[in-house]
Amino acid sequence: MPTRPGLRLRFAPELRFLLAVRHRREDEVLVPHDGTSTLGHVVQSLGVPLTEVGELTAGGRALRPSHRPRGEETVTVSPVRRPQDPRSVPHGAPPSFVLDVHLGALARRLRLLGLDAAYRNDMSDHALVEQAGAEHRLLLTQDRGLLQRRALWLGAYVRGARPDAQLLDVLDRFAPPLAPWTRCMACNGLLTPVPKEEIAGRLPPGTRRTYRSFMRCRDCGRLYWRGAHSGRLEETVAAARAAVTDAARSASRGTPRGGPPVR
């Protein structure tokens, strides 16, 4: 029997970490093609969610994920350009996020920076997808299968094994406006100033003697102040500001990136 035509896919280096190990060092991945599957289906079947794909091109022409390849075709798969096009966020509003159950430490860091980051450690995959759509939140996850769900409104694969690296990846990708120290790291509620005398009875004696400025969460009532622990948090805020500034400069120069490859 004659061999079916093959579809050749050239994945950008930034996307190869999502492929099966046997394909990660290949310049091209040859996929037998039946002429009925869409290009998007083929790309995702190899492990690369379409949330991570920027352009699909063949012979200098742009293709849609719904394209059905015919015969032999060589397709270049490029990553989402960074910073990601703000038109993907509704009404040009600052992006808000919902994070899967494995990214709790990242959620706390995003909240430290004043970013709207919904998180619960008991959410099912179905509930995450529903919340993302109902509230127009970007779903952040390291679960490729979750990103491939057809019901998902918008999502992104978070790169990095450690929370600080994950944070820098999200900031580099979306370059969101930051408002540090305005959200509760525990529940995501907004913080407001509170007079010291109003909450003095809740403060440890040493804190009551040493500090004057306090914030309280509108939702859960948790208290915040710049204590001895704030030095490390200040370092996180400074690194975040630098990351967003670098991403914005790159966009203004017209040199968006696809993000670093992950090994």
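## Arg-109 and its polar contact

A polar contact is a pair of N or O atoms within 3.5 Å; within protein, one atom must be able to donate a hydrogen and the other to accept it. This predicted model offers an example. The side chains of Arg-109 and Asp-164 are joined by a polar contact of 2.8 Å.

Where is Arg-109 placed? Arg-109 belongs to helix 2, which covers residues 104–112. Is Arg-109 buried or exposed? Its relative accessibility is 17%, so Arg-109 counts as buried. Set aside the neighbours within four places in sequence. Arg-109 is then in contact with Pro-163, Asp-164, Leu-167 and Arg-232. Asp-164 thus appears twice: as a contact and as the polar partner.

## The open sheet

Strands of a sheet pair through backbone hydrogen bonds, either parallel or antiparallel. Here, four strands form an open sheet with parallel pairing. Their order is 7-6-8-9. Strand 7 and strand 9 (155–157) stand at the edges. Each has a single partner strand, so one side of each has no neighbour in the sheet.

Strand 6 spans residues 97–99 and pairs with strand 7 in the parallel sense, over two bridges. Which residue stands opposite Phe-97? That residue is Ala-117, in strand 7.

## Leu-115, in a loop

Leu-115 lies in the loop between helix 2 and strand 7 (117–118). Its relative accessible area is 4%, so Leu-115 is buried. What does Leu-115 touch, not counting residues up to four places away in sequence? The list is Phe-97, Leu-110, Leu-171, Pro-176, Pro-177, Leu-178, Arg-183 and Asn-188. One of these, Phe-97, is the residue that stands opposite Ala-117.

Gln-148 makes a useful reference point. Leu-115 and Gln-148 are 33 residues apart in sequence. In space they are 25 Å apart, C-alpha to C-alpha.

## Cysteines without disulfides

A disulfide is a covalent bond between the sulfur atoms of two cysteines. How many disulfides does the structure hold? It holds zero. Cys-187 is in no disulfide, and its nearest cysteine sulfur, that of Cys-217, is 3.4 Å away. Cys-220 is in no disulfide either; for Cys-220 the nearest cysteine sulfur is that of Cys-217, 3.7 Å away. The cut-off is 2.5 Å, so neither distance qualifies.

Cys-187 counts as partly exposed, because its relative accessibility is 32%. Cys-220, at 44%, also counts as partly exposed.

## Rings

A search of the whole structure finds three aromatic pairs. Another ring has a charge over it: the charged end of Arg-226 sits over the ring of Trp-181, 4.0 Å from the ring's centre.

Definitions and conventions
Residues are numbered from 1 along each chain as its sequence is written. This is a predicted model: local features need pLDDT of at least 70, side-chain atom pairs count only at pLDDT 80 or more; totals for chains, interfaces and linings use all residues. Side-chain values use heavy atoms; hydrogens and water are left out. Rings of Phe, Tyr and Trp (its six-membered ring) pair if their centres lie within 6.5 Å; planes under 30 degrees apart count as stacked, over 60 as edge-to-face and the rest as tilted. A charge sits over a ring if NZ of Lys or CZ of Arg is within 6 Å of the ring centre and within 35 degrees of the ring normal. Buried means under 20% relative accessible area, exposed over 50%, partly exposed in between (1.4 Å probe, protein chains only). Contact means heavy atoms within 4.5 Å. Two strands pair if DSSP finds at least two bridges between them.
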